Amino acid sequence: MNIPFLSGRHRKRQGDSGSVAVASGGEGVRDLAGLSDLLAECELLRRQAGSAGVALDDSAESLAALDQLLPRWRDDEETLIWLGTDAGLYLGTVIVRTVEGAAWNLWPSGQPVVRLASGREFDVVTDGHEWAASGVPELSQLYAEVAEA
């Protein structure tokens, strides 16, 4: 399955076709071909956070630290878009790695979402774009809501 939001960025960096073969379904994506690792890269977000002294260790606390960053990226439309995607993927990574039963799932469009054991799905990429553009809702708040669900 092609994951369209990754195509441009990874093609430029790796010279590949930009698609990742995965299986999706009602149980969430199983970590085929390192999909979870690929979604966890969040290179731009990790660079931005690192330059501000924030270490991203896939913990809920790191989400709170991201919420405190000065949003200097909002002046650059391209950076804003990629950073929003990265923020959403990082939020999803933290959820998948810390909330029991959470897994990545792909919608037919290729959009990655986090699916909880209850079957409830969260469009973390859209959440990441909202956070990057306005800071609301905070990533740590989103995580707390998902962790309670």
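Start by selecting Pro112: at 1% relative accessibility this residue counts as buried (buried is under 20% relative accessible area, exposed over 50%, partly exposed in between, with a 1.4 Å probe and protein chains only). Pro112 sits in strand E2. Now add Leu39 to the selection: its C-alpha is 8.8 Å from that of Pro112, although the two are 73 residues apart in sequence.

Before going on, some ground rules. You're looking at a predicted model, where local features need pLDDT of at least 70 and side-chain atom pairs count only at pLDDT 80 or more, while totals for chains, interfaces and linings use all residues. Residues are numbered from 1 along each chain as its sequence is written, and side-chain values use heavy atoms, with hydrogens and water left out.

**Zoom out: the whole chain**

Switch to cartoon. The protein has 7 helices and 3 strands; these are DSSP runs numbered from the N terminus, with helices being H or I of at least four residues and strands E of at least two. Reading from the N terminus, the order is α-α-α-α-α-β-β-β-α-α. Of the 149 residues, 48% count as buried.

**Stop 1: the sheet**

Select 103–106, 112–115 and 121–122. Strand E2 is residues 112–115, and the three strands make an open sheet in the order E1-E2-E3 with antiparallel pairing. Two strands pair if DSSP finds at least two bridges between them. E1 (103–106) and E3 (121–122) are the edge strands, each pairing on one side only. There are 4 bridges between E1 and E2 and 2 between E2 and E3.

Which residue of E2 does Leu106 face? Leu106 stands opposite Pro112, your starting point. Follow the backbone between these two strands: E1 and E2 form a hairpin with 5 residues between them, and Gly110 in the turn has a positive phi of about 95°.

Next, color E1 by side chain. In a regular strand the side chains alternate between the two faces of the sheet. Here both faces of E1 are covered: Ala103 and Asn105 on one side, and Trp104 and Leu106 on the other, are all buried.

Slide over to E3, where Glu121 is the bridge partner of Arg115. Their side chains also meet in a salt bridge, at 3.7 Å from N to O (a salt bridge puts a side-chain nitrogen of Lys or Arg within 4 Å of a carboxyl oxygen of Asp or Glu). Arg115 is partly exposed at 21% relative accessible area, and Glu121 is partly exposed at 29%.

**Stop 2: around Asp58**

The structure holds 5 salt bridges, so to speak of the rest, select Asp58 with Arg46 and Arg97. Arg46 bonds to Asp58 in a salt bridge with the closest N and O atoms 3.3 Å apart. Arg46 belongs to helix H3 (residues 43–51) and Asp58 to the loop between H3 and helix H4 (60–67), so this pair ties together parts that are 12 residues apart in sequence.

Asp58 also forms a salt bridge with Arg97, this time with 2.3 Å between the closest N and O atoms. That pair links distant parts of the chain, the loop between H3 and H4 and helix H5, 39 residues apart. Buried or exposed, what is Asp58? Asp58 is buried, with a relative accessible area of 16%. Arg46 is partly exposed at 27%, and Arg97 is partly exposed at 41%. Add Asp37 as well: salt bridges that share partners join Asp37, Arg46, Asp58 and Arg97 into one network.

**Stop 3: unusual backbone angles**

Most residues other than glycine have a negative phi, and most peptide bonds are trans. Keep Asp58 selected and check its torsions: phi is near 65°, a positive value in a residue other than glycine. Then jump to Cys42, in the loop between helix H2 (35–40) and H3. Phi of Cys42 is positive too, near 45°, and the residue is buried at 1% relative accessibility.

For the peptide bond, select Val136 and Pro137. They are joined by a cis bond, with omega about -5°. Pro137 is in the loop between helix H6 (124–134) and helix H7 (139–148).

**Last stop: a charged patch**

Turn on the surface and select 75 to 78. Asp75, Asp76, Glu77 and Glu78 gather there in a patch of negative charge. Patch members have over 30% relative accessible area and no salt bridge, and like charges are joined within 9 Å. The place of a charge is taken as CG of Asp or CD of Glu. Glu77 lies in helix H5 (residues 77–98) and, at 54% relative accessibility, counts as exposed.

Notes:
Patch = residues over 30% accessible without salt bridge, like charges linked within 9 Å, V, L, I, M, F, W, Y side chains within 5 Å. Areas by Shrake-Rupley, 256 points an atom, 1.4 Å probe, with all protein chains shown as cover. Lys, Arg positive; Asp, Glu negative; His and termini not counted.
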